[in-house]
Amino acid sequence: MKRLGFVGIIIEDREKCAGIVNTILSDFSDLILTRTGLPHIKEKTSVITLVIDATTDELGKLTGKLGSITGVSVKSGLAKK
């Protein structure tokens, strides 16, 4: 059963990781309702927030791939119903 949820992504090295993160997000674009990104230019970091409509398994696949990237931190949650 699909549920509404969120994914918070912190990219510690934009130059190294942004392309990989964007590729993964493109692969899971059918789950993403909204994407907001905020680059922190001085620190070369970024924060991305996603609003998603996904099953627990789909969310796990997405966050697992993102979390396996060195320099990327991911937190997520789904609505109870």
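**Two helices and a buried side**

Let us start with one residue, I24: leaving aside residues up to four places away in sequence, I24 touches L62, K65, L66 and I69. The model you are looking at is a predicted one, so please read what follows as a description of that prediction.

Where does I24 lie? I24 belongs to helix α1. With a relative accessibility of 9%, I24 counts as buried, because buried means under 20% relative accessible area. One of its partners, L62, is 38 residues away from I24 in sequence, yet the C-alpha atoms of I24 and L62 are 7.6 Å apart in space.

That pair leads us to the two helices. Helix α1 covers residues 14-27 and helix α2 covers residues 56-67. Their axes are 10 Å apart, and the helices pack at an angle of about 170°. Angles over 145 degrees count as roughly antiparallel, and α1 and α2 are therefore roughly antiparallel to each other. On the α1 side, V21, I24 and L25 make the contact, while α2 contributes L62, K65 and L66. Sorted by class, this contact of α1 with α2 has five nonpolar residues, one charged residue and no polar ones.

Now let us follow α2 by itself. How far should the 12 residues of α2 span? At 1.5 Å a residue, the expected span of α2 is 16 Å, and the C-alpha atoms at its ends are indeed 16 Å apart, so the two values agree.

Which residues of α2 are buried? They are L59, L62, T63 and L66. Around the helix axis these residues cover an arc of only 90°, so they sit on the same side of α2. Turn to the face pointing away from that buried side, and you will find the exposed residues D57 and K61. As for the cover over the buried residues of α2, it includes β1 (3-11), α1, β3 (45-54) and β4 (72-78). Helix α1, our starting point, is thus part of that cover.

One of those covering elements, strand β3, offers a last stop. S46 is found in this strand. Is S46 buried or exposed? Its relative accessible area is 10%, so S46 is buried. Again not counting residues up to four places away in sequence, S46 touches I9, I10, I11, R14, L38, P39 and H40.

Definitions and conventions:
Residues numbered from 1 in each chain as written. Predicted model: local features only at pLDDT ≥ 70, side-chain atom pairs only at ≥ 80, totals over all residues. Heavy atoms only, no water. Axes fitted to C-alpha atoms, helices over the stretch in contact; angles between N-to-C directions. Helix = DSSP H or I, 4+ residues; strand = E, 2+ residues; numbered from the N terminus. Parallel < 35°, antiparallel > 145°, perpendicular 65-115°, else oblique. Contact = heavy atoms within 4.5 Å. Nonpolar A, V, L, I, M, F, W, Y, C, P; charged D, E, K, R; others polar. Expected span 1.5 Å × (residues − 1). Buried < 20%, exposed > 50% of the residue type's maximum accessible area, 1.4 Å probe, protein only. Arc of directions from axis to C-beta.
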